[in-house]
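Q: I have a protein model to go through before a meeting. Could we discuss it step by step?

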Amino acid sequence: MRIFHPNKLWRAFFISAVILCCAFSLRAQTSDEARQRANAALAQGDFESAVEYLQLLIEYHGDSKQNPIIRLMEPIYYNLGVAFFFTARFGEAEAAFQVYLKKYPNGIYAPETFIYIADGLRFRGKIDDALKAYDEALKKFKLKYSDDLKTDVLCAMVRCKIAQDKWSETVQFLKQIVEIATDSERRNWASTIWTIVYLKEKDVENVFRLVPTLLERDSFASRSVALNMAALETADDLFAEEMYREALWIYRLVYSHDMLSLNASRSLAKLQRDSEILKKRPSALRALMRLQERIGETEAEIKALDSMENYDIELYSRMARAYMGIDRFREARELFLYLHGETEGEASDENLYFAFRCSLNLRPLDRAFAIGRDYMEKFPAGAYFDPLTLAIGQVYAMLQDWPMVIEHLKKTLAVNPKHQDGAECKFLIAYASFMEEDFEQTIHWLTQMNKDHPDNPRLMDGLYWLGMAKMFSKDYKGSAIDFDELLDRFPGSVYTEDAKYRRAVCDFGLSKMEETEKQLSDFVSAYPKGKLTGEAYMMLGDIAGFFGQPEKAVKMYQEVARHEINIELYNYAMFRCGEILFQDEMKYDPKENKNVIDYDAVISHFNNYIAENRDGANIPQAIFYIGRSLWSKGEKTGALERYIEAVNQYGNDIDALGIDMILEEWIGKVKGIENQALKESAWSEMQNTIKKAESDGKRILALRLKRSLLYKDNADEKDLTRIRQEIIQEKNLPIAGPSALEFIMDEAIKQNNLDLAVKAANTIVETFTETDYALSARMFIAKEAVKNKDYKTALAHLGVIREVFASDLQAAEALAMMGDIYLEQKRYKEADECYKAILAVKEWKGKLWPRALYGRGECAVGMGKLSEACVYYERIYVMYSFYKDWASKAYLKRGQCLANLREYNKAVETLREMLKHEELSQFPEWKEAKQEIEKYEKRI
């Protein structure tokens, strides 16, 4: 079987031309010239010229009846059809080919002739006829066609189907092309068309299968406008259906408009170069035809691409949104940021906003905040300003960065007072203020929210937190009103249980004990297992104590233990219950015919507390009460043993504060023992415990216990000095309990070792911040700081004393010291507030009141209010004359103020009155007053 091959045909053509030269001897000159020119034209790809000479040769010899000449004319007839074909004269080409087939129905060029006839029909738009012709060719010459020619026919049939918009019918041909194509270029072309078919059918899985072929170097896909447009359309449809992952994969097949245009232009230039080369290679006519067809297609695609609006920005935008849709926020953010830089106006605004939204899903959140700030600066009136700024505030709230919530949202509302989420912004500011314990600002913003947004969705939340803020501000009356409104307007809300409890707390704060008791009783009945039921029982215990009902108080406090409750409140209830049991006579003793303290009940209560052992329970303090009860029952040995047992078990825990109470109790009890043998035994056991603690490496315990030896009766003074020196060392600070630290601080002060004293005080503050031990430590640190003019440190510690220990007398001392510091710094308003706060508390009416009045007088002088200052000074020596030092100062200061007001007569009168009090002569103001009188009398 002979396989048809173009190269053999061309060799036959040239041999026949030589023979013809001999056969046409009678007309040699004309025939030879026509032959030479035909050959030259065909060799140069000049098909237009070749037609003339080929027709001339047919005219010369076409009617010959001689078989040799007929055979030699076969390529002439064939090449005339080819020449017509390549000059796009497809009708004439078909006629020429038909003449050829009539003359040579079984000729060697017949298989290829059928293909050219079909090609011509296709190029003339006769698609159905072309398809029939191709099909006929394949059936007739299936075995004679090489894979190369079969591929050409199949590619042509694919183009016919595409022209008819019957993409799905191309698959049968595309499969064969991929299997038999002799070059990667046509295989790639077929894969690309196949991909377009799948895209049109949204058969994404099969598209994925073809992706490796599409991504080959110089792939037809990289310059195919049809593929790119099909991919865009399909991806857009998938995107619209929220199939983001699939859409993204398809979008990633799409080349940018600029890149596609560049690829297509480069391809066209290469095709044109290759075409010029192939025109001069007569053996490559089919390849030339393919090139010319692709040139035409590429030119059409470039023309279509040039008329098409650049879709790059929209492509990247869709890709970014698709990335965001499948939670690949990092890629989405970078694309949105790129788009933000490449777009303007509303598009730029939107892209930066979406970059921010993506960043909210990535950690750390620093980038989100940076993008958010960038947006706020660039688009203060942007379409997304409101949702973006609210989101930032919500994220800060999620992070519990309350100062930033307040700062950011205040700035937001300053930029846009008509914020679409203004109510939510104000609510968040109020909530953050509450968390910062700035209840005044909480009340302000919630009130503003309800005023500006009467129908806001946060009304229910606002009422609750408004009530809470007022309650913590001790405005119990206002708080009760808010909680009543909340319960009335929103019955059954998430706040109902909590609000009912808080409402009772308000009455408690207003000292309406009966009303409170009723509300709390109703509350525990309605919510027997509520989250606040334990606190309600605790308050009921407090109320019972208020009414002098210790039995009921104990019952209520013990009920607390059956409920979940904050450990601090739990400890309060348990120890308050224990204190009542230890102090009140509630057990009837028939022998004595009266009520007595039930120490067994105390012991049982605290044993239960220890057995429950909640996280954060103060076990040593419970043992302290058990030991005291045992002692009170006369079980002295048992009490001391229980104390030592507790010390051994918990004493090496530096945070076990109850141990120090136990040791103080142990020392007191042992010193009070009259039985010398028992006393010596107790001290001996303590010394053995210290030795064991040291040998076991329990340094904290050993240091704690060693201090107790300082209180031993009849101790040798040398031993006491040695023990003190062993304790008062800087190396002990990290292992010292609160009592030991306090001892080190006090002893260091006595020895004038102020550096060690300050270090000990700082350790107390840092380690035992929330305890009473920190009070004296802070006061000492503050006084030392004042001496060193370190007012910042002093104010920090004094401020804590003022707030945390508000009812303690040292809080008044702290206020006075703060006032003095502010006065020295000429911060008169702040100083005056401190002095004024002292005068507001009757319990502080002692020596601090004249000091505070004097301070207010000094502030008034500093602010130029001399008449007001005179009133403060006068009140001192009129109402507090028994405080002679302050009276002396006040007389002199009032006289000087009057003189500065040019009221010299009153100034002299005031100072002369001072001199009548001989007891004031001991103060330096006495002598100065005499000098002032002489000076003022000269001005009268």
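The exchange below goes from the overall chain to its cores, its aromatic rings and some individual residues.

Q: What kind of model is this?
A: It is a predicted model.

Q: How many helices and strands are there in the protein chain?
A: The protein chain has 48 helices and two strands.

Q: And what box do the C-alpha atoms fill?
A: Along the principal axes, the C-alpha atoms of the protein chain fill a box of roughly 170 × 85 × 65 Å.

Q: What is the radius of gyration, set against a compact globule?
A: The protein chain has a radius of gyration of 52 Å, whereas a compact globule of 940 residues would have one near 30 Å.

Q: How much of the chain counts as buried?
A: Of the 940 residues, 51% count as buried. The protein chain exposes about 46,400 Å², and carbon and sulfur atoms supply 49% of that area.

Q: What share of the contacts comes from residues 24 or more positions apart?
A: Among contacts with a separation of 6 or more, such residues account for 55%.

Q: Turning to the interior, which residues touch the most other members of the largest nonpolar core?
A: That core has 267 residues, and those touching the most other members are F86, Y116, I177, I250, F356, Y609 and W666. Helix α4 (residues 67-86) supplies the largest share of this core, with 11 residues.

Q: Which residues does a second, separate core include?
A: The second core has 62 residues, including A785, F805, Y828 and W926. As a general point, nonpolar side chains tend to be buried together in soluble globular proteins.

Q: Back to Y116: what does Y116 touch?
A: Not counting residues up to four places away in sequence, Y116 touches Y78, V82, F85, F86, F97, L285, R286 and M289. Y116 also belongs to one aromatic cluster with F47, Y77, Y78, F85, F86, F90, F97, Y100, Y104, Y109 and F123.

Q: How many aromatic pairs does the structure hold?
A: The structure holds 57 aromatic pairs. One of them is F85 with F86, which counts as edge-to-face because the ring centres are 5.4 Å apart and the planes stand at 75°.

Q: Are F85 and F86 buried or exposed?
A: F85 is buried, with a relative accessible area of 4%. F86 is buried as well, with a relative accessible area of 12%.

Q: What about F606 and Y625: how is that pair arranged?
A: The rings of F606 and Y625 are stacked, at 5.1 Å centre to centre with 10° between the planes. The pair links distant parts of the chain, since F606 is in helix α31 (residues 599-612) and Y625 is in helix α32 (residues 619-632), 19 residues apart. Both F606 and Y625 are buried.

Q: Where do charged side chains lie over rings?
A: R252 lies over the face of W249, at 5.1 Å from the ring centre. The charged end of K889 sits over the ring of W886, 5.9 Å from its centre.

Q: Now the backbone. Which peptide bond is cis?
A: The bond from R363 to P364 is cis, with omega near 0°. P364 is in the loop between α18 (345-359) and α19 (366-378). In general, most peptide bonds are trans, and most residues other than glycine have a negative phi.

Q: What is the phi of A88, and where does A88 lie?
A: A88 is not a glycine, yet its phi is positive, at about 60°. A88 is in the loop between α4 and α5 (90-103), and A88 is partly exposed, with a relative accessible area of 48%.

Q: And D327?
A: D327 also has a positive phi, near 65°, in a residue other than glycine. D327 lies in the loop between α16 (312-325) and α17. At 53% relative accessibility, D327 counts as exposed, because the cut-off is over 50%.

Q: One more: why does R333 count as buried?
A: R333 has 5% relative accessibility, so R333 counts as buried. R333 is in helix α17 (residues 329-342). Apart from residues up to four places away in sequence, R333 touches A355, C358, S359, L362, R367 and I371.

Q: Lastly, which residues is H453 in contact with?
A: Leaving aside neighbours within four places in sequence, H453 is in contact with G422, A423 and K426. H453 and A423 are 30 residues apart in sequence and 6.3 Å apart in space, C-alpha to C-alpha. H453 is in the loop between α23 (439-452) and α24 (459-472), and H453 is partly exposed, with a relative accessible area of 22%.

Notes
Residues numbered from 1 in each chain as written. Predicted model: local features only at pLDDT ≥ 70, side-chain atom pairs only at ≥ 80, totals over all residues. Heavy atoms only, no water. Helix = DSSP H or I, 4+ residues; strand = E, 2+ residues; numbered from the N terminus. Buried < 20%, exposed > 50% of the residue type's maximum accessible area, 1.4 Å probe, protein only. Contact = heavy atoms within 4.5 Å. Phe/Tyr/Trp six-rings, centres within 6.5 Å; stacked < 30°, edge-to-face > 60°. Lys NZ or Arg CZ within 6 Å of the ring centre and 35° of its normal. Core = buried A, V, L, I, M, F, W, Y, C linked by side-chain atoms within 4.5 Å. Rg over C-alpha atoms; globule rule 2.2 N^0.38 Å. Areas by Shrake-Rupley, 256 points an atom, 1.4 Å probe, with all protein chains shown as cover.
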